[in-house]
Structures are given as structure tokens and as C-alpha cells.
Amino acid sequence: MATLLEVDNLQTQFLTSAGIVKAVDGISYDVEEGETVAIVGESGCGKSVGALSIMRLIPWPPGRIIGGAVRFQGKDLVKLSDAEMRHVRGKEIGMVFQEPMTSLNPVLTIGLQITETVRHHLGVTQEEADKRAIELLGLVGISEPERRLKQYPHHLSGGMRQRVMIALALSCEPKLIIADEPTTALDVTIQAQILELMKGLTRRLGVALIVITHNLGVVARYADRVNVMYAGKIVERGRAHDIYHRPSHPYTLALLKSVPRMDQPRKAKLDPVEGQPPDLTRLDEGCSFRPRCRFKVEHCEREFPPLNSVAPGHVAACFETARVVRLEKVAS
Amino acid sequence: MYQYVLKRLLLLFPTLLGAAVLVFFLMRLIPGDVCELRMAGTGAYFDKEALKICQDELGLNRPILVQFWEFIRGYATFNFGDSMYTGRPIVEEIVLRFQLSLQVAIMATITAILIAIPLGTISAIKQNTWIDYGVRAFSIAGIAMPSFWLGILIILGLLITTKSWFGAAWMPPIQYRPLWEDPVYNLTMLIWPAVATGYRYSAVATRMTRSAMLEVLREDYVRTARAKGLLEKIIIRRHALKNSLLPVVTVIGIEFAFLMGGLVVTEQVFNLNGLGKLFVESVTNFDYNMTQALVMLVVAVFVLTNFVVDVLYGWLDPRIHYR
Ligand SMILES: Nc1ncnc2c1ncn2[C@@H]1O[C@H](COP(=O)(O)OP(=O)(O)O)[C@@H](O)[C@H]1O
Ligand code: SF4
Ligand SMILES: [Mg+2]
């Protein structure tokens with residue numbers, strides 16, 4: 001498979017009164033065509049900023065992409081003009097946001113919000129756009145799509161609205177969809193439905209998917225590959241299976257302990273990751289996970305660990321990877 | 001919806017009744033009446049008998065509750081009585097002035113909307129640029145500058161420019177003629193007070209539009225619209241403007257109702273014979289009937305304006321339901 005998206009040393013910062021927030025601090029990863037890639041990490045680690053940076057939707061002021069490249073089908077999105085970027089947004093890359101309750105415009109009909117996108121990018125008539133919208137709503141499992149077109153967002157439940165957002169993201173047959181915590185705001189029962197829907201549709205239509213989540217449990221089931229993010233950096237990457245069964249970074253290990261696992265007995269107790277994530281305005285040159293790390297050694301203070309290979313296609317940014325892996329082996 | 005309209009219109013009656021009670025009794029708390037004013041106003045000697053005859057004629061000597069009952073009964077039968085000062089029917093006295101004031105209020109509102117919405121929007125989009133600073137200075141000036149003063153400036157400006165361009169100084173006409181009788185004459189007369197009050201009025205609405213727009217531009221659905229690749233002007237016009245108009249409509253509605261009776265000084269400056277002037281005169285003349293009629297009229301306008309604002313709300317925001 002060919003590489004669709006290549007994020008290369010992307011850096012995004014916010015200028016605030018407290019100082020420069022290095023929200024995304026040199027992340028690199030890629031997404032192949034049709035592949036599902038997960039970005040996992042605690043709240044505030046820069047997942048959303050990373051996703052919005054790809055779409056160039058970081059509001060300036062206060063935020064700005066200060067370095068790196070986002071190569072999408074060979075062209076660097078960071079360097080595109082605003083007009084060129086508008087052809088990418090909604091057309092080549094669709095986006096689903098975390099908050100279904102506020103992501104749709106409350107005063108415009110569902111129909112208009114879908115058809116305006118279709119008409120803008122595909123240049124079709126209103127009738128053709130309506131037809132497409134009906135087809136899309138059917139595709140995402142919304143009943144009576146024709147009637148829904150005339151409804152407003154407040155007529156729909158959160159889960160339904162998220163389906164509309166998915167229909168919107170799919171509306172112009174994009175190559176890639178970025179879903180930023182698409183189920184975090186939903187009821188647990190609906191979360192699985194929405195994730196299944198996204199997985200099914202993207203597989204069927206051959207659309208690549210970046211799914212952002214803070215729940216490693218989600219990842220194991222729906223993603224091909226996983227990037228674990230901590231304090232603006234990617235600290236571990238590998239195939240979902242490897243990350244789940246052979247975590248090699250202390251942070252990933254802690255994250256895994258904080259979610260219920262289907263492959264382990266129920267009684268294993270859940271530990272939330274101890275301590276607080278660091279202040280992103282005050283990072284030093286050492287490993288940013290150090291204050292919360294059980295494995296830290298003296299060297300961790302002096303240098304940020306580079307991403308090193310632990311197995312084919314599996315990298316982790318930690319000096320003590322070997323000890324982490326060994327400990328896991330002993331435990332299981 | 002029909003039910004809602006009906007309900008709102010029915011609500012008008014208790015509101016009017018409350019206003020009637022207030023104005024009726026408050027007016028009579030002020031010592032003196034129109035007859036005393038007429039006869040003793042000059043400070044000269046006057047005949048107690050003549051005073052009594054005058055008061056009897058106007059019914060001012062009857063028990064106060066009887067007077068009140070007459071007042072209410074009159075209004076219930078659309079009989080609004082005569083002015084106690086001029087003796088002419090209230091309706092006759094008010095009609096032309098109401099037309100004038102209504103027209104100035106509507107024109108001022110249109111002026112305000114035409115200034116406020118584009119300027120407020122641009123100011124928000126260009127936040128913290130010199131355009132924004134310019135707009136904000138312009139609207140602060142509107143609040144700081146009394147509209148009568150602006151009125152005087154406008155009149156002076158008209159005099160000076162017409163004098164230097166055409167050789168003869170021109171002043172807007174003073175005698176009111178309704179719009180449909182002589183539109184050009186009417187507009188050349190009323191556009192100036194409308195602009196003078198509309199500018200001041202726009203200042204509040206501009207700031208409101210700006211802050212509402214700034215807030216809306218931070219909303220998630222605007223980000224969604226951007227993520228769809230829409231043009232910025234469509235995002236503003238279609239996605240942001242309608243949402244940010246809600247608070248603006250409220251401000252405009254309140255101001256409009258206020259303009260109907262509150263343009264006393266501006267009317268003075270432009271020599272207009274409007275409701276504001278009539279209001280002041282009727283109070284100083286102890287013309288109870290006229291004051292009562294004017295208060296009731298302004299209250300009715302207030303209630304109706306609120307109603308229109310509510311209907312606009314429903315049109316702007318489909319989440320609002322009328323029950
Ligand atoms: N508009 C903003 N202004 C200042 N800081 C911001 C802004 N948006 C995000 N940040 C900062 O960037 C960091 C990453 O945020 P985000 O990407 O939203 O985290 P998450 O991983 O939960 O999605 C946070 O520390 C946050 O404070
Ligand atoms: S580098 Fe050191 S401090 Fe950082 S995660 Fe590894 S062991 Fe912990
Ligand atoms: Mg987020």
C-alpha cells in the first residue's frame with residue numbers, strides 16, 4: 001500500500017500569557033491508504049492540536065504551526081495557499097469532531113449542512129446534492145433520510161448527530177477521515193455503534209482513518225497501528241496488537257493498566273496513570289514522563305529519549321525499554 | 001403559532017391596564033391641574049368660581065375612582081377623549097405626530113441596522129487590526145456624542161455645504177407632510193434626525209454585533225464549516241451571522257420602542273412636532289388625557305415591538321418554540 005499521509009516533525013505552538021505552549025512538539029507518523037491509525041494519549045497531550053494542524057485549522061492567534069511538513073498525496077499541506085487548502089478540507093480530508101452537540105450549526109437544517117459541502121466541492125445542482133445527502137444519511141444508518149434533511153440538529157440525539165457528522169465527512173469521497181475522539185461525548189452503548197459504523201464504512205469505501213482517543217481499549221479493536229502521544233510527542237508506535245500485548249514505554253504500560261482488558265481476568269485492578277501531565281510551557285531537555293515514571297534512571301534527566309526500534313515496526317522513546325518489556329513478561 | 005399570537009395579543013390588555021393605573025394616579029399626585037395652570041399660571045388674580053366651572057367642565061371635581069372608571073370605559077370603547085389643554089380630540093392631536101415619530105423611529109432603526117451589522121461583523125473578523133480599532137472608535141463616538149449635538153452639527157454642515165456649493169444655504173423643511181403625499185419632501189425632512197439618532201443607536205448595536213460575532217466565530221460549528229472547506233464569506237454570512245443576530249435583535253427592539261416617545265431633544269433640535277415634544281407639553285400642561293393617551297400608546301408599541309422581536313427570534317433560531 002502507498003503512503004497517503006506523512007506527518008514529518010510537525011510542531012505547533014500557542015503563544016499564551018503563561019508562555020509558549022509546545023502543544024505538538026515534533027511529531028512524525030504516517031498513514032497508508034485505507035489504513036486505520038490511532039493517536040492515543042491523555043487529555044491535553046496535543047492530540048487535537050495535531051489533528052487540527054493537519055487541516056490547518058489552528059486559530060491564529062494564539063496558535064501556529066512553526067515547523068515540519070504534512071505531506072498528503074505528495075504535496076505539503078503546510079505550504080499550500082488558503083485557496084488550495086480549502087480544496088483539501090472537506091474534499092480530500094473529512095473531519096469528525098468530539099462534540100456532536102455543538103459541531104453542527106443549530107440554525108441550519110441537516111440537509112443544508114450536508115448539501116452545501118457537496119455543492120461547494122463537486123459543483124452539482126441542489127437536486128443532485130439532495131440525492132447525495134439522502135444516500136449518505138442512509139449509509140450512516142439514519143432512518144427516514146428524506147425527512148431528516150429538513151430537520152435541525154436539535155431534533156437529533158447525540159449519536160444521530162455524530163452519524164450526520166460522519167455522513168458529512170464522507171460526503172465528497174475523501175481519501176482520509178480524521179476523527180477526534182468521535183465517541184468520547186456519547187453514551188457507552190452508542191460509542192461501540194459509532195465506532196463499528198466508522199470502521200465498517202472506512203473499510204468498505206477504502207478510506208483511511210485517523211482515530212484520536214484516550215482509550216487504549218478502543219484502539220485494540222479498531223486500529224491497525226497506534227501512536228501513543230505524551231506531552232506533545234509520540235513516545236511509542238507499533239501495530240495495535242503489539243502495543244496492546246507488548247507495551248514498551250512506561251506511559252503506554254500505565255495507560256493499559258487504566259483500562260479494562262478483555263484478555264485479562266476481571267479482578268485485575270485498574271490504576272489511573274498516577275500524577276499530572278507536565279506543564280507544556282515548562283518542558284526541559286529530559287524525558288517529559290520522568291516525574292511519573294517508575295523506571296526512571298539518572299540519564300532520563302539529561303536527554304529526551306529518541307524513538308528506538310524494539311521490534312520490527314515497533315518503536316518506543318525510552319531508555320529503559322528493555323526493563324519495561326521484561327517486567328511485563330514477568331507479570332503475565 | 002396562531003395560539004401563540006393570540007396569547008401574546010391578549011397579554012397586551014393586562015399590560016395596558018397596569019400602565020393605565022400607574023399613569024392615571026401618578027399624574028394626579030402632582031399638585032395642580034390644567035385649570036389652575038391656565039388661570040393662576042400668570043400669577044394674577046383669578047376668580048374661584050371660574051376655576052370651579054373649568055374643573056367641572058373637565059370633570060376634574062368628580063371622585064377620583066369615577067374619573068378612572070370613565071377613563072377605562074372610554075378606552076374600552078375606543079373613545080379616547082379630548083385634550084384638556086387644547087380641547088381638540090386626542091386622536092386628531094396624536095395622529096400626525098405619531099406618523100412622524102414612527103417614521104423617524106423606523107428610519108433611525110434602518111440606519112442603525114445598516115451601520116451596525118456590517119461594521120460589527122467586519123470589526124469582529126478583523127479583530128485587533130486598525131479596521132477594528134476604527135470601528136470601535138466610531139461606535140464609542142456614537143455613544144459619547146449626544147444626538148442633539150450631532151443634530152446641530154448636521155444642520156450646520158448642511159447650511160455650510162449648501163451655501164458653499166450652491167450659493168444659497170438650505171435647511172431641511174419643517175412642516176411635516178406624510179411620506180405618501182410627498183416622498184421627496186418628507187425624506188429630505190426626516191433623513192437628518194433619523195441619521196442623527198440612528199448613528200447613536202447603531203453604536204450599541206455595532207458593539208453587540210461585534211461581540212456576538214466574536215463569540216460565534218469561536219463556536220464548534222464554525223470550525224466544522226471551516227473543516228468542510230467552505231469559503232470564509234459563506235461561513236460568515238450563512239453560519240455565523242444568523243447566530244450572532246439574536247442579541248442584536250433584542251437591543252434593536254428595545255431601542256426602537258424607546259425612540260417612539262423618547263426623542264424629546266432631537267425633535268427640539270430639528271424642530272419636529274413629534275410625540276416626544278407632545279409628551280413634555282402634555283405633562284407640563286397637566287393635560288391628563290393627553291399624557292394618559294401617550295403613555296398607553298408607547299406601552300402598546302413596546303409590547304408589540306417585543307412581540308415582533310420574539311417572532312424574529314423564532315425565525316432566526318429554530319430551537320425556539322412558541323407555546
Ligand atoms: N487555543 C489554545 N490556546 C492555548 N493553548 C491551547 C489552545 N488549544 C490547545 N492548547 C493547549 O495545547 C495542549 C494540547 O491540547 P489538545 O490538543 O486539545 O489536547 P488533547 O490531547 O486533549 O486533544 C493543551 O495543553 C492546551 O492547553
Ligand atoms: S526515558 Fe526514563 S523517565 Fe522516560 S519513560 Fe523511559 S525510563 Fe521513564
Ligand atoms: Mg482533544
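# Exercises on a predicted model

In chain A, A:Leu176 faces A:Ala208, a residue of strand 8. Keep that pair in mind, and remember that this is a predicted model.

## Exercise 1: Strand 7 and its neighbours

Work out which strands pair with strand 7 of chain A, and in what sense.

*Solution.*

Step 1. Start with strand 8 (residues 208-213) of chain A: five bridges join strand 7 to strand 8, and the two run parallel. The pair A:Leu176 and A:Ala208 from the opening belongs here.

Step 2. Now look at strand 6 (residues 93-96) of chain A, which pairs with strand 7 in the parallel sense over four bridges. Here A:Ile93 has A:Leu176 as its bridge partner.

Step 3. Put the two together: strand 7 pairs with strand 6 and with strand 8. In general, strands of a sheet pair through backbone hydrogen bonds, either parallel or antiparallel.

## Exercise 2: Buried or exposed?

Decide whether the residues of strand 7 of chain A are buried or exposed, and check both faces.

*Solution.*

Step 1. Recall that side chains in a regular strand alternate between the two faces of the sheet.

Step 2. Sort the residues by side: A:Leu176, A:Ile178 and A:Asp180 lie on one, A:Ile177 and A:Ala179 on the other.

Step 3. Check each side: all of these residues are buried, and both faces are covered. Five of the five residues are buried, so strand 7 of chain A is largely enclosed by the rest of the structure.

## Exercise 3: Into the core

Find the residues with the most contacts inside the largest nonpolar core, then follow one of them outwards.

*Solution.*

Step 1. This core has 96 residues, and the ones with the most contacts inside it are A:Ile54, A:Leu176, A:Ile178 and A:Ile210. Helix 7 (residues 158-170) of chain A gives the most to the core, with seven residues.

Step 2. Follow A:Ile210: leaving aside residues up to four places away in sequence, its contacts include A:Leu5, A:Tyr29, A:Ile54, A:Leu176 and A:Ile178.

Step 3. Look for a second core. Another one, of 68 residues, lies apart from the largest, and B:Val34, B:Ala108, B:Ala112 and B:Met189 are among its members.

## Exercise 4: A proline in a loop

Where does A:Pro174 lie, and which residues does A:Pro174 touch?

*Solution.*

Step 1. Place it first: A:Pro174 is in the loop between helix 7 and strand 7 of chain A.

Step 2. Apply the cut-off. Buried means under 20% relative accessible area; A:Pro174 has 5%, so it is buried.

Step 3. List its contacts, not counting residues up to four places away in sequence: A:Lys91, A:Glu92, A:Ile93, A:Gly94, A:Ala169 and A:Val207.

Step 4. Compare sequence with space: A:Pro174 and A:Arg89 are 85 residues apart along the chain, while their C-alpha atoms are separated by 9.1 Å.

## Exercise 5: An open sheet

Give the strand order of the open sheet of four strands in chain A, and pick out its edges.

*Solution.*

Step 1. The order is 2-1-4-5, with antiparallel pairing.

Step 2. An edge strand pairs on one side only, and that fits strand 2 (19-32) and strand 5 (75-76) of chain A.

Step 3. Zoom in on one pair: strand 1 (residues 3-16) and strand 2 of chain A run antiparallel and are joined by 10 bridges. A:Thr3 sits opposite A:Glu32 of strand 2.

Step 4. Add the helix: helix 1 (residues 47-54) of chain A lies across strand 1, strand 2 and strand 4 (63-72), at about 115° to strand 1.

## Exercise 6: Strand 10

Which strands does strand 10 (residues 233-239) of chain A pair with, and why is strand 10 described as largely enclosed?

*Solution.*

Step 1. Strand 9 (residues 225-230) of chain A is joined to strand 10 by six bridges, running antiparallel. In this hairpin, which has two residues between the strands, A:Ala231 takes a positive phi near 50°.

Step 2. On to strand 12 (residues 314-316) of chain A: two bridges join it to strand 10, again antiparallel.

Step 3. Use A:Arg237 as your marker. A:Arg237 stands opposite A:Asn227 and also opposite A:Val315 in strand 12.

Step 4. Finally, count: six of the seven residues of strand 10 are buried, so the strand is largely enclosed by the rest of the structure.

Notes
Residues numbered from 1 in each chain as written. Chains lettered and ligands numbered in written order. Predicted model: local features only at pLDDT ≥ 70, side-chain atom pairs only at ≥ 80, totals over all residues. Heavy atoms only, no water. Pairing = 2+ DSSP bridges. Contact = heavy atoms within 4.5 Å. Axes fitted to C-alpha atoms, helices over the stretch in contact; angles between N-to-C directions. Core = buried A, V, L, I, M, F, W, Y, C linked by side-chain atoms within 4.5 Å. Buried < 20%, exposed > 50% of the residue type's maximum accessible area, 1.4 Å probe, protein only.
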